[in-house]
Amino acid sequence: MSETIRIERRFRGPLRSANGGYSSGLIASLLDAAAVEVTLRLPPPLETALAVERGDGLLRVLHGDALVAEARAAELDLAPPPAPSFADAERLSAARPPEEDHPFPGCFVCGTGREPGDALALRPAPLGDGRVAAPWRVPAELAGDERFAWAALDCPGGWAVQPDASRGISLLGRLTARVERPPRAAEECVVVGWPLADEGRRKHAGTALWSGGELLALGRAVWFEMGPEVRDPVESS
């Protein structure tokens, strides 16, 4: 029987495609490796069976004949910066004005139209030194699962590569990550994102998931700056 995966609509990023971090974590879970590099070739479609092919150390995810993603074991050599305390991250996040121009308000990780419990609902805030940080008190339903640690490593990197620390109109192209352990229920975590390099439309970021002084997960991402055509449509009232 052929191997397939399916991504539920709950785990969307843009309205019609899956969140890149969650998708990468789901794909990474199919490989037995400490660190995995996942490259997204197309926006992962929702609510449809995606075929999984394996060979020569490479895992490929396909929608029909179209290549959606590739994954392979990787090395991750990245030194994360320290994180603020959960209380400080919570205070900064709460004080930040609402992101009224968020391009993907339904995003499972950072969408302004999502609530804690239903989604991660991360609200990154700038720390003033190029880093952004978001508090995350982990719901029981999302605890103990590496897919959600990967998801947490996603969007804060997208916020970090924007000069104004906004979400910006960018999409995840590649995420290489390692999860030391997934967070526990009710654990008070902080996700830190920071810029690594800027190559025009192609931007690099690091992200780290902390609990107190313990590093739970680490990621390096490539983001692609996009045009307004990829924004979610504004719903009429």
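Here are four short exercises on the structure above, each with a worked solution.

This is a predicted model, in which local features need pLDDT of at least 70, side-chain atom pairs count only at pLDDT 80 or more, and totals for chains, interfaces and linings use all residues. Residues are numbered from 1 along each chain as its sequence is written, and side-chain values use heavy atoms, with hydrogens and water left out.

**Exercise 1. Describe the surroundings of Ser-166.**

Step 1: Find the place. Ser-166 sits in the loop between helix 4 (155-160) and strand 8 (170-179). Helices (H or I, at least four residues) and strands (E, at least two) are DSSP runs, numbered from the N terminus.

Step 2: Is Ser-166 buried or exposed? Buried means under 20% relative accessible area, exposed over 50%, and partly exposed in between (1.4 Å probe, protein chains only). Ser-166 has a value of 13%, so this residue is buried.

Step 3: Look for polar contacts. A polar contact is a pair of N or O atoms within 3.5 Å; within protein, one must be able to donate a hydrogen and the other to accept it, and residues adjacent in sequence count only if both atoms are side-chain atoms. The side chain of Ser-166 makes such a contact, of 2.9 Å, with the side chain of Asp-164. A polar atom of the Ser-166 side chain also lies 3.4 Å from the backbone nitrogen of Gly-168.

Step 4: Look further along the chain. Contact means heavy atoms within 4.5 Å. Leaving aside neighbours within four places in sequence, Ser-166 is in contact with Arg-96, Glu-99, Gly-158 and Trp-159.

**Exercise 2. Work out how helix 1 (residues 20-28) is covered.**

Step 1: Count the buried residues. In helix 1, nine of nine residues are buried, among them Tyr-22, Leu-26 and Ile-27.

Step 2: Find what they pack against. The partners of these buried residues include strand 1 (4-5), strand 2 (35-40), strand 4 (58-63) and helix 3 (146-152).

Step 3: Check the start of the helix. There, a side-chain oxygen of Asn-19 comes within 3.0 Å of the backbone nitrogen of Gly-21.

**Exercise 3. Which parts of the chain does the salt bridge between Arg-54 and Glu-3 tie together, and which does the one between Glu-70 and Arg-41?**

Step 1: Start with the idea. Side chains of opposite charge can pair when their charged atoms come close. A salt bridge is a side-chain nitrogen of Lys or Arg within 4 Å of a carboxyl oxygen of Asp or Glu. By this rule the count is 19.

Step 2: Take the first pair. The closest N and O atoms of Arg-54 and Glu-3 are 2.9 Å apart. Arg-54 lies in strand 3 (residues 50-55) and Glu-3 in the segment before strand 1, so the bridge ties together parts 51 residues apart in sequence. Arg-54 is partly exposed at 47%, and Glu-3 is partly exposed at 29%.

Step 3: Take the second pair. Glu-70 and Arg-41 meet at 2.7 Å, N to O. Glu-70 belongs to strand 5 and Arg-41 to the loop between strand 2 and strand 3, so parts 29 residues apart in sequence are tied together. Glu-70 is buried at 14%, whereas Arg-41 is partly exposed at 46%.

**Exercise 4. Place Asp-77 in the chain and in space.**

Step 1: Asp-77 is in the loop between strand 5 and helix 2 (86-95).

Step 2: With a relative accessible area of 72%, Asp-77 is exposed.

Step 3: Asp-77 and Gly-219 are 142 residues apart in sequence, and their C-alpha atoms are 9.7 Å apart in space.
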